[in-house]
Amino acid sequence: MLELRPNCEWCDRDLPPDAAEARICSYECTYCAECVEAVLRNVCPTCGGGFQPRPIRPKGAYREAKTLGLTHQPASTTRVRSQWTAVQVEEMSAKLDSTPPHKR
């Protein structure tokens with residue numbers, strides 16, 4: 001199950017569970033759409049992969065089991081910050097941004 005991190009790992013902008021501007025890589029690194037486009041250039045500084053919109057977890061439980069949704073499986077409240085410096089991010093982005101994510 002996705003962790004649904006509460007913030008952009010670069011600019012620390014709040015990204016609540018229903019944030020349409022949240023982007024994730026396949027390792028769940030989480031950034032806002034603005035940072036993905038303007039800073040990271042669609043290159044995850046950790047794995048080198050691309051980003052996709054983060055799915056929005058439904059607020060309620062709509063099945064009989066009633067164990068799904070944010071009510072029963074809440075988003076994380078632990079804020080995560082990128083471990084990479086601006087120079088390291090730029091180097092990774094420059095190295096990979098001309099290669100489409102599915103060919104990296």
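So, what pattern does the chain follow, read along the sequence? Going from start to end, you get β-β-α-β-α. That comes from three strands and two helices. One thing to keep in mind while we look around: this is a predicted model.

Let's take the overall picture. The C-alpha atoms fill a box of roughly 50 × 25 × 20 Å, if you take it along the principal axes. There are 104 residues in the chain, and 36% of them count as buried. The chain exposes about 6,400 Å², and 53% of that is supplied by carbon and sulfur atoms. As for contacts, take the ones with a separation of 6 or more: residues 24 or more positions apart account for 57% of those. And the charges? We have 14 positive and 13 negative ones, and their mean positions are 5 Å apart.

Okay, on to the strands. In what order do they sit in the sheet? The order is S2-S1-S3, in an open sheet with antiparallel pairing. Strand S2, residues 30–32, and strand S3, residues 52–53, stand at the edges with a single partner strand each, so one side of each has no neighbour in the sheet. Now look at S1, which is residues 22–24: three bridges join this strand to S2, and the two run antiparallel. If you want one pair to find on screen, go to Ala22, whose bridge partner in S2 is Cys32.

Cys32 brings me to the cysteines. How many disulfides does a search of the whole structure find? Zero. Take Cys29, which is in no disulfide: the nearest cysteine sulfur belongs to Cys25 and is 3.7 Å away. To count as a disulfide, the two sulfurs would have to be within 2.5 Å. Cys32 tells a similar story, because its closest cysteine sulfur, in Cys35, is 3.6 Å away, and that is too far for a bond. Are these two residues buried or exposed? Cys29 is buried, with a relative accessible area of 7%, and Cys32 also counts as buried, at 2%.

Next stop is the loop between helix H1 and S3, where you'll find Arg41. Which residues does Arg41 touch, leaving out those up to four places away in sequence? They are Cys35, Val36, Glu90, Ser93, Ala94 and Asp97. Pick Glu90 from that list: Arg41 and Glu90 are 49 residues apart in sequence, yet their C-alpha atoms are 9.0 Å apart in space. Arg41 has 26% relative accessibility, so this residue counts as partly exposed.

Right next door in the numbering is Asn42, also placed in the loop between helix H1, residues 33–38, and S3. What is special about its backbone? Phi of Asn42 is near 60°, a positive value in a residue other than glycine. With 25% relative accessibility, Asn42 counts as partly exposed.

Asp12 is another one to look at, over in the segment before S1. Here phi is near 70°, again a positive value in a residue that isn't glycine. Asp12 comes out as partly exposed because its relative accessibility is 28%.

That's my tour. If you want to try it yourselves, start from Ala22, cross to Cys32 in S2, then look from Cys32 to the sulfur of Cys35, and finish at Arg41, which touches Cys35 too.

Conventions
Residues are numbered from 1 along each chain as its sequence is written. This is a predicted model: local features need pLDDT of at least 70, side-chain atom pairs count only at pLDDT 80 or more; totals for chains, interfaces and linings use all residues. Side-chain values use heavy atoms; hydrogens and water are left out. Two strands pair if DSSP finds at least two bridges between them. Helices (H or I, at least four residues) and strands (E, at least two) are DSSP runs, numbered from the N terminus. Buried means under 20% relative accessible area, exposed over 50%, partly exposed in between (1.4 Å probe, protein chains only). Contact means heavy atoms within 4.5 Å. Accessible areas come from the Shrake-Rupley method with a 1.4 Å probe; for residues, only the protein chains shown count as cover. Lys and Arg count as positive and Asp and Glu as negative; His and the chain ends are not counted. The place of a charge is taken as NZ of Lys, CZ of Arg, CG of Asp or CD of Glu.
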